[in-house]
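Take a walk through this structure, from a helix pair to the contacts between larger parts. Keep the chain letters in view along the way.

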Amino acid sequence: MTLTASDLRNLVLAALALAVCALLPFGGSGYWLGIGVTIVMFTALATSWALFSGPTHYISLATAAFFGVGTYVTGLGFEVLPFWSLIGIAGLIGAVLAALVGFATLRLSGVYFVIFTLGLAELVRQVITWGQNMTGQRGLYVLTDITEAGIYWWLLGLSAAVYLGGWLIGRSRLGFALRIIGDDETVAAHSGINTAFAKVMLFMVPGAVAAMTGAILAPRYVYIEPSLAFAPILSFQVVIMALLGGASRLWGPLVGVIPFTLLLESISSNFPNQTTLVLGVAFLVIVYFLPRGFVGLLEDARGGLRKRAGGMA
Amino acid sequence: MQRRPFLKLATALAVAGTIAGAASADTIRIGAVAPKTGGLAGGAAVTQWPTIALWVDQVNADGGLTVDGEKMMIELIEYDDQTNPGETIKAVQRLATQDEAHFIIAPYGTGLNLAAAPIFARYGYPQIAVSAITDQQPELSAQFPDMFFTLGTTSALAEDAVKILTDMREAGQLGNKIAMVNVADAFGIELATVARERFAEAGFELVYDTSYPLGTQDLSPVMKAAKAAEPDAFVAWSYPPDTFALTEQAIIEDLDVQAFYTAVATPFPAYGARFGAAANGNLGAGGVNPDSEAFQAYATAHQEVTGVAPDSWASATTYASLEILQQSIEAVGLDRAAVADHIRATTFETVLGPMSFANNNSNEAFWTVGQWQDGVYRGVAARGRDGAAEVQLKDGWGSDS
Amino acid sequence: MDILITGLLLGGTYALIAVGLNLQYGVARIMNLANGEMLVAGGFVAFWLYTAGQTSPLLTVFLVAPVAFALNWLIYRFMLQPLVKRSKTRGQLETDSILATFGLSFVGVGLMLAAFGGDYFSYSFLAVPVEIFGDSYGANRVASFVAAVVICGALYLWLNQSRAGLAIRAVATAPASARLVGIDVRHLAAIAFALGGAVTAVGGALISTYLTLDASTGVVFTLKALIIVIMGGVGDVRGTILAALLLGIVETAVASLIDPGLTLAAAYILFLGVLLFRPQGLFGKAPT
C-alpha cells in the first residue's frame, strides 16, 4: 500500500479536523456539546451504514437491533467490567450477530431485505423483553460517573475509526470487489469474487459500530428498557440521514448528519407544538428539491465554481 | 437554481435556533419537556400537558409569581421529546443553556425522567418528578440530590393492591384464586415481581400468571385463558391501550370475578366514559379523594381552562408538583439551589394535602389504589392520606342493562 | 377451534391493515410509510362521528372510503408522480418513495395532532359477546372480520374478473410491457394507490371499534403492514390475506398454548422463517 501526496494531505487534514472536533467539550457550552454528541453518534452510525449500503445498495433497518444490544452490554456489565472493555465486547457481539444475519439474508434482495432487517430488530427486542420478564428483571439503571464529554470523545474516536476503516476498505481488494458487486453482481461473481463473503464481511462493520455506539451511549440514557433501547425510529433516522447526505461517498453521510441535526434542532426549538408537522414538511422539501442528497448539492456547487473559474481564466 | 431557497431556509432556521434564547427580564421562564408524539404521547396528553397549561393560566391570571416582592409573569417554553430519551436530554439542555429557563418542569414517564436527571443535576435544576414510579428512590436521590419523587413507589402500588384483595378475602368476599397478567415492560415487570411475592406471602394461589408484549393487538387469548383458570380476582399490571383492551375483553368474556384490577389509565376519564356502568367496581392504580374541596376546585378549573377533565391520579399530583415549585419560588426567589433546599426542608400544602420530602427526597403520602364507584373514580387505599372510600365488590359487567 | 376462530378474527384485522399497502406497493410501486397515518385518520373519523352523533362506524366507512380515495389520489397525483417521473431506476424510486412517504407520515401525525390533540381516542362500539360454536367473541371483532372478508373478496374478484383489474395486475407484473399494450400505467397506478388508501382508512375506521388509537400510533400499523405484505409476496392480494390469517392464527396459538409474552416474537420468527425459505414471500414472483 502506498500513499500518494494527496492521500497524505487528506490524512493530515482529517487529523487536524479531528483535533478541532475534540476541543468542543472545552468550549464550555453544554448545549453545543449535547448537539455534538448527537452529531458524532449519527456520523458513526450513518457512515458505517453507508459503507455497507453504498456499494451494495442494500438498505438495512437493523441499526436499532445492534444499538440496543450494545446498550444492554453496558447496562448489564458496567458494574463488573471497565467501560472500554464493554465497548469492545459490544462491538464483538455486534459483528458476530451481523455475520449471522448476513449469512441468513444473502438470498434476499431489494425490499425483502429491508423489511427482513426491520423484523429482525423487532424480534431481538421481543426476545430480550421476554427474557427480562422471565427473570423478573426490571429496566436497567446505568448510574456511572461517565460525563457527557467522555461520551463525546468515545464517539468521536469511534467515528474516526469508522472513517479510517472506510478509507482503508476503499483502497483494499475488498473495496474494489464491492464496487464491482455494486455495479453488477453477476459480473462480480464471474470474475471470481466471492460476493457472499465480501458482503458479509462488510455487513459486520455497521453491526459492530452500531453496537459500540449503543454501549457508549448507555450511561447517557441512565435507564434502559427495550422500548427505548430498540426504538425502530433510530434505524429510520440513520437511513434517512445517510441517504440525504449521499451514500456513494465516504463523507456523504456526514454532510447529511450535520445539516439534518441542526435542522431538527432548530425545528424542535422553534415549533415545539408542531415539531412533527414542520419536520415532515422540511423533509418533503429536501426530498423534492435535493434529489441527489447534499453530496449532489455540493458537487454541483463545486462543478459550478470550477466552471466559473475556468470561464474567468 | 432550486438550491438557493433551501439554503436560505436552512440558514434562517439555524440562526433562529441560536438567538431564540433572548427574553425580557420581568418574566420568569419555565421550561416543560414531555411527549406530544410517540408512545407516551397519549398519556402525557391526559396527565401532563393540560395541568401545566392550567397552572400557567392560573398564575398569570393572578398577575404572575411573586418573586422577592415583585410579580413576574410566567413564560412557558414547551418542547416535544417524541418519547425519545435522546430528545429529552437535548431539550432539557436547550432549556438550561439556550433558553436560560429559570426552572424546568420534570418530564413524563420513568425512563424519560431518569434520562433527564443527569442534565437537571449538572445545571443545578431541581427536578420534581411525578410520572416516575420506582423503588430506586434512595439510590437515585443519592446520585441526584435535587431530584424529588411525588407519586410513590412500585412496591407500595403493588403491595396495597394485594392488601386490598387480602382484606376482601378476610371479610369473606373473595376466594383465594388470582389471575395475574402484566405488560412485558419494565413497569409491568417490576410491579408483577413485587405482587407475585406478596400474593404468595398472603397465601393466595396464582392460577394464571403471564405477560404479554407491549403493543399486543389482541388480548382475547389472554382473557380466555385467564377465565379458564376460574380466578376469583383478576389483576393486570397494564398500560393504557391494554387497560382498555383487557377491560373490553373481560366484558365480552363476561369474566366472573369479585375484583378486577387494571393499572395505568384506569383513572382516566376516557375509561369511565367508554365503559360506563361496566366500569363500576373496577380497581385501578392510584387515586384521589374526589370529595375533597381542593380536588374539586382543581378539577373544575381544569375543565374550564383546558376543556377536558383531569385524570384521577397523576394529574392532581402533577398539579401538586407545580404548587410546590410555585411556593418554593415565592418563598426563596429564583436561586435554584435555595429552591431545592426549601423543597427538602418544607412541608407543602397542596391540592392533595400536605406533602414533604424528608426521606430520600420522596413524598411518603400518596394514593395507591382506586376504584370506579357509580361513575366516580375514588381512592380506596393510600399511604398517609385520608378519605379513602370503602372497597366495593365487583358485581358483574352491567350487561343486562 | 377456539384458537382457530380467535386467530382468524385477528387475521381479519391484519388483512385490513395490510391489503391497502399491498395495492400501493405492488401496483403503484410506492412503499408507503405513511400508511399507518391513513389508518389512524380513518379511525379518528369513526371515533368523532360516533361520539359526536352516535353514527355507527359501520356506516361511517361509506363516508371514509370516497374521501380517503380522493385524498390518496391527490397525494399520488401531486406528490408521488413527480418522483416516479424523475426516477430512472426501480431502486431510485424505492429510495425516493421511502424518504417522501416518511416525511408524509410526519406531516400526517403533525396534522392529526394539531387537529385532535394527542389524547387517546377510544370508545365502546358493539363490545358485546357473540356466540360462535359455544364460545364468545367480541361482536366488533366479528363485524370487522366480516367487513374484511367482504373487502378482500370484492378486491380479489375485481382484480381477477374485471378489465380494469386485469390491467392493474398487468401493471403490477410488468409495468413496461403493460404500457406497450396500451394500458395507461400512470392512471392505473394512481387508481391503485387511491384504492389502497381507501381500504386502509376503512380498515382504520373498523379497527377503532376495538383498538385504542392516538395520533402517533400509526407507525405501529405501518410496521405490521409492511411485514405482512412482504411475507405474503408483493403484488398479490391472496398472499397478503393468507399471510395475515397465518399471522393471526400463529399469534393466537402461541398466546393460548405457549406464552402470551412470546406472541410478537413468534410473529417475527414466522416472518423471518418464511423469508428464509421463500425469499420472495408466499405468493411473490421470484425476482428476475
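Two residues count as in contact here if their C-beta atoms, placed from the backbone, lie within 7 Å. The model is predicted. With that in mind, begin in chain A.

Two packed helices are described by the angle between their axes and the distance between the axes. Take helix H6 (residues 148-171) and helix H9 (residues 195-221) of chain A. Their axes come within 9 Å and cross at roughly 170°. Angles over 145 degrees count as roughly antiparallel. H6(A) and H9(A) are therefore roughly antiparallel to each other.

Which residues make this contact? H6(A) brings A:Glu148, A:Ile151, A:Trp154, A:Leu155, A:Leu158, A:Val162 and A:Gly165. On the H9(A) side they meet A:Val205, A:Val209, A:Met212, A:Thr213, A:Ile216, A:Leu217, A:Pro219 and A:Arg220. By class, the residues of this contact are eleven nonpolar, two polar and two charged.

Stay with A:Leu155. Leaving out residues up to four places away in sequence, A:Leu155 touches A:Thr213 and A:Ile216, both of them in H9(A). A:Leu155 also touches A:Val37, A:Val40, A:Met41 and A:Ala44.

A:Leu155 belongs to a wider set too. The largest nonpolar core has 359 residues, and A:Leu155 and B:Phe234 are those with the most contacts inside it. Domain 1 (25-153 + 292-366) and domain 2 (154-290 + 368-383) of chain B both give residues to this core, so the core lies between them.

Now turn to those two domains of chain B. Their centres, taken over C-alpha atoms, are separated by 29 Å. Domain 1 puts 20 residues into the contact, and domain 2 puts in 20 residues. On the domain 1 side, helix H2 (41-47) and helix H13 (314-332) of chain B each supply at least two residues. H2(B) gives the most to that side, with three residues. The domain 1 side has nine nonpolar, eight polar and three charged residues.

Last comes the contact between the chains. Chain B contributes 43 residues and chain A 42 residues. Several elements of chain B each supply at least two residues of its side: helix H1 (3-19), strand E3 (70-80), helix H4 (85-97), helix H5 (110-122), helix H6 (137-143) and helix H8 (186-201). Which of them gives the largest share? H4(B) does, with eight residues. By class, the side of chain B that touches chain A has 19 nonpolar, 15 polar and nine charged residues.

Conventions:
Residues are numbered from 1 along each chain as its sequence is written. Chains are lettered from A and ligands numbered from 1 in the order in which they are written. This is a predicted model: local features need pLDDT of at least 70, side-chain atom pairs count only at pLDDT 80 or more; totals for chains, interfaces and linings use all residues. A nonpolar core is a set of buried Ala, Val, Leu, Ile, Met, Phe, Trp, Tyr and Cys residues joined through C-beta atoms within 7 Å. A residue is buried if 20 or more other C-beta atoms lie within 10 Å of its own, exposed if 12 or fewer, and partly exposed in between; C-beta atoms are placed from the backbone. Domain bounds come from an automatic or database domain assignment. Helices (H or I, at least four residues) and strands (E, at least two) are DSSP runs, numbered from the N terminus. Ala, Val, Leu, Ile, Met, Phe, Trp, Tyr, Cys and Pro count as nonpolar, Asp, Glu, Lys and Arg as charged, and the others, Gly among them, as polar. Axes are lines fitted to C-alpha atoms, for helices over the stretch in contact, and angles run from 0 to 180 degrees between N-to-C directions. Angles under 35 degrees count as roughly parallel, over 145 as roughly antiparallel, 65 to 115 as roughly perpendicular and the rest as oblique.
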